[in-house]
Amino acid sequence: NVVDQAINDFSFDIPKSHTKMLLKKEYDKVYKRYSKKYEGSVLKNKMITFLIQKGYDYEDIVEVWEEEN
């Protein structure tokens, strides 16, 4: 079947740089919203939880947190 072959040949991998760019954009929006209500470790935990629920990797989130703070 041609459709099955096309699906098997297609790469569904998203480049890490693109994912990181999207994460930083989402991080900025969430930080602006959550920093009004929370601070310190509570802020960090809330943001990490939110971003994990959005599908981002924990290691990438922590890396962005350390770069930004």
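In the predicted model, the largest nonpolar core comprises 14 residues, of which Leu-23, Tyr-27, Val-30, Tyr-34, Met-47, Leu-51 and Ile-61 touch the most other members. Helix 2, helix 3 (40-53) and helix 4 each supply at least two residues of this core, and its largest share, five residues, is contributed by helix 3. In soluble globular proteins, nonpolar side chains tend to be buried together.

The packing of helix 2 against helix 3 brings together several residues of this core. The two axes come within 10 Å and cross at roughly 135 degrees, an angle that makes helix 2 oblique to helix 3, and the crossing is right-handed. On the side of helix 2 the contact is made by Leu-23, Glu-26, Tyr-27, Val-30, Tyr-31, Arg-33 and Tyr-34, and on the side of helix 3 by Leu-43, Lys-46, Met-47, Phe-50 and Leu-51. Sorted by class, the contact of helix 2 with helix 3 contains nine nonpolar and three charged residues, with no polar ones.

For helix 3 and helix 4, the axes likewise come within 10 Å, and they cross at roughly 140 degrees; because angles over 145 degrees are required for a roughly antiparallel arrangement, this pair is classed as oblique. Helix 3 passes helix 4 in a right-handed crossing, with Leu-43, Lys-44, Met-47, Ile-48, Leu-51 and Ile-52 of helix 3 meeting Tyr-58, Ile-61, Val-62 and Trp-65 of helix 4. The residues of this contact divide into nine nonpolar and one charged, and none is polar.

The remaining pair considered here, helix 2 (residues 16-34) and helix 4 (residues 58-68), packs at an angle of about 60 degrees, with the axes 10 Å apart. These helices are therefore oblique to each other, and helix 2 passes helix 4 in a right-handed crossing. Lys-16, Lys-20, Leu-23, Lys-24, Tyr-27, Asp-28 and Tyr-31 of helix 2 meet Asp-60, Ile-61, Glu-63, Val-64, Trp-65, Glu-67 and Glu-68 of helix 4. By class, this contact holds six nonpolar and eight charged residues, and again no polar ones.

At the level of single residues, Tyr-27 is in contact, apart from its neighbours within four places in sequence, with Met-47, Leu-51, Val-64, Trp-65, Glu-68 and Asn-69. Within helix 4, the buried residues are Asp-60, Ile-61, Val-62, Val-64 and Trp-65, and what covers the buried residues of this helix includes helix 2 and helix 3. Asp-60, which lies in helix 4, has a relative accessibility of 9% and therefore counts as buried, the cut-off for burial being under 20%. When neighbours within four places in sequence are left aside, the contacts of Asp-60 are with Lys-16 and Leu-23, and both of these residues take part in the contact of helix 2 with helix 4.

Leu-22, by comparison, is found in helix 2 and is partly exposed, with a relative accessible area of 35%. The C-alpha atom of Leu-22 is separated by 12 Å from that of Asp-57, a residue 35 positions away along the chain.

Definitions and conventions. Residues numbered from 1 in each chain as written. Predicted model: local features only at pLDDT ≥ 70, side-chain atom pairs only at ≥ 80, totals over all residues. Heavy atoms only, no water. Axes fitted to C-alpha atoms, helices over the stretch in contact; angles between N-to-C directions. Helix = DSSP H or I, 4+ residues; strand = E, 2+ residues; numbered from the N terminus. Parallel < 35°, antiparallel > 145°, perpendicular 65-115°, else oblique. Left-handed = near helix turned anticlockwise from the far one by under 90°. Contact = heavy atoms within 4.5 Å. Nonpolar A, V, L, I, M, F, W, Y, C, P; charged D, E, K, R; others polar. Core = buried A, V, L, I, M, F, W, Y, C linked by side-chain atoms within 4.5 Å. Buried < 20%, exposed > 50% of the residue type's maximum accessible area, 1.4 Å probe, protein only.
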